[in-house]
Amino acid sequence: MGRGRVELKRIENKINRQVTFAKRRNGLLKKAYELSILCDAEVALIIFSNRGKLYEFCSTSSMAKTLEKYNSYTYGALEPGQTEIDAQSNYQEYLKLKSKVEVLQQSQRHFLGEEIADLGTKELEQLEHQLDFSLKKIRSTKMQLMIDQLSELQTKEEVLLETNRNLRMKLDESGPSMRSSWETGEQSIPYNHPPPPPQSEGFFEPLHCNNSLQIGYNPSSVTVEDTATASALAPSGFIPGWML
């Protein structure tokens with residue numbers, strides 16, 4: 001049977017507290033050493049007992065260099081005129097802001113329905129109320145926006161109708177005068193046919209042709225003169241069918 005879960009609180013018995021401190025301290029130092037060897041990590045561990053005794057472990061040759069590196073990464077380079085106390089205060093402010101950001105990110109995940117398996121009944125009800133309130137506010141804002149857009153469209157419609165009425169009135173007032181001026185101008189302008197182009201003498205004579213257009217072969221239109229002409233053009237007596 002496995003060992004039960006130990007409640008995390010201060011051990012009242014002094015002897016048991018010292019024994020537990022020694023065991024867990026050695027285990028922590030061992031884990032830090034294994035982490036530095038297996039993962040090639042730079043590890044520094046500092047432990048103070050309740051009596052003020054120091055226990056430390058450093059994977060490098062100098063604990064001071066590791067602490068200096070830690071300060072440079074944590075606080076950064078001090079600005080001119082800035083003391084270490086100010087840097088620590090800024091760092092504490094950074095930690096507070098970081099915790100607030102983490103809380104906000106967790107709340108955002110809860111609103112998206114993520115990571116809610118560990119929430120209790122009260123927390124889920126509170127989350128549900130917040131979502132209902134947010135949904136009502138969103139719908140109210142959407143409705144107000146639609147009403148504003150509808151009012152704007154109605155205003156534009158009224159302006160367009162008024163413009164249309166004004167244009168129609170102007171058209172009705174100027175309509176008869178425009179029609180009379182148009183008829184007067186149409187009657188006063190004569191229409192002249194363009195003169196025929198000049199003809200050069202001796203080059204061609206006007207052709208006299210039948211204005212009626214006939215498409216296809218019509219045997220009734222072939223005269224005796226046409227047949228005689230075709231016979232003269234063909235001495236051999238062969239007359240193409242299209243000339244008959």
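How much accessible surface does the protein have, and what share of that surface belongs to carbon and sulfur atoms? In this predicted model, the accessible surface of the protein comes to about 22800 Å², and carbon and sulfur atoms account for 58% of that area. Of the 244 residues in the protein, 8% are buried. Among the contacts with a separation of 6 or more, 18% are made by residues 24 or more positions apart. The secondary structure consists of five helices and two strands, and these elements follow one another from the N terminus in the order α-β-β-α-α-α-α.

Within helix 1, which covers residues 14–38, attention falls on Ser36. This residue has a relative accessible area of 9% and is buried, because the threshold for that class is under 20%. A polar atom of the Ser36 side chain lies 2.6 Å from the backbone oxygen of Tyr33, so that the side chain, although it belongs to a buried residue, has a polar partner in the backbone. When residues up to four places away in sequence are not counted, Ser36 touches Ala41, Val43, Phe57 and Ser59. One of these partners, Phe57, falls within the range of strand 2, which spans residues 54–58.

Strand 2 also contains Leu54, which, with a relative accessibility of 41%, counts as partly exposed. Leu54 is joined by Ile46, Phe48 and Leu67 in a nonpolar patch on the surface, and the four residues together have about 360 Å² of accessible area. Leu54 qualifies for such a patch in terms of accessibility because its 41% lies over the required 30%. Ile46 and Phe48 fall within the range given for strand 1 (44–48), whereas Leu67 falls within that of helix 2 (residues 63–74).

Helix 2 itself has twelve residues, and the distance from its first C-alpha to its last is 16 Å, close to the 16 Å expected at 1.5 Å a residue. At the start of this helix, the backbone nitrogen of Ala64 is approached to within 3.4 Å by a side-chain oxygen of Ser62.

The structure holds five salt bridges, including one that involves helix 2. In this pair, Lys69 forms a salt bridge with Glu42, and the closest N and O atoms are 3.1 Å apart. Because Lys69 lies in helix 2 and Glu42 in the loop between helix 1 and strand 1, the pair ties together parts that are 27 residues apart in sequence. Lys69, at 39% relative accessibility, counts as partly exposed, and Glu42 is likewise partly exposed, with a relative accessible area of 40%.

Another of the salt bridges is formed between Glu152 and Lys156, where the closest N and O atoms are 3.9 Å apart. Both residues lie in helix 4 (residues 121–188), and their separation of four residues corresponds to about one turn of the helix. An α-helix has 3.6 residues a turn, so residues three or four places apart point the same way. Glu152 is partly exposed, with a relative accessible area of 46%, and Lys156, at 46% relative accessibility, also counts as partly exposed. A further salt bridge joins the side chains of Glu12 and Arg10, with an N to O distance of 3.4 Å; here both Glu12 and Arg10 are exposed.

Key: Residues numbered from 1 in each chain as written. Predicted model: local features only at pLDDT ≥ 70, side-chain atom pairs only at ≥ 80, totals over all residues. Heavy atoms only, no water. Buried < 20%, exposed > 50% of the residue type's maximum accessible area, 1.4 Å probe, protein only. Contact = heavy atoms within 4.5 Å. Areas by Shrake-Rupley, 256 points an atom, 1.4 Å probe, with all protein chains shown as cover. Polar contact = N/O pair within 3.5 Å; in protein donor to acceptor, adjacent residues only side chain to side chain. Patch = residues over 30% accessible without salt bridge, like charges linked within 9 Å, V, L, I, M, F, W, Y side chains within 5 Å. Expected span 1.5 Å × (residues − 1).
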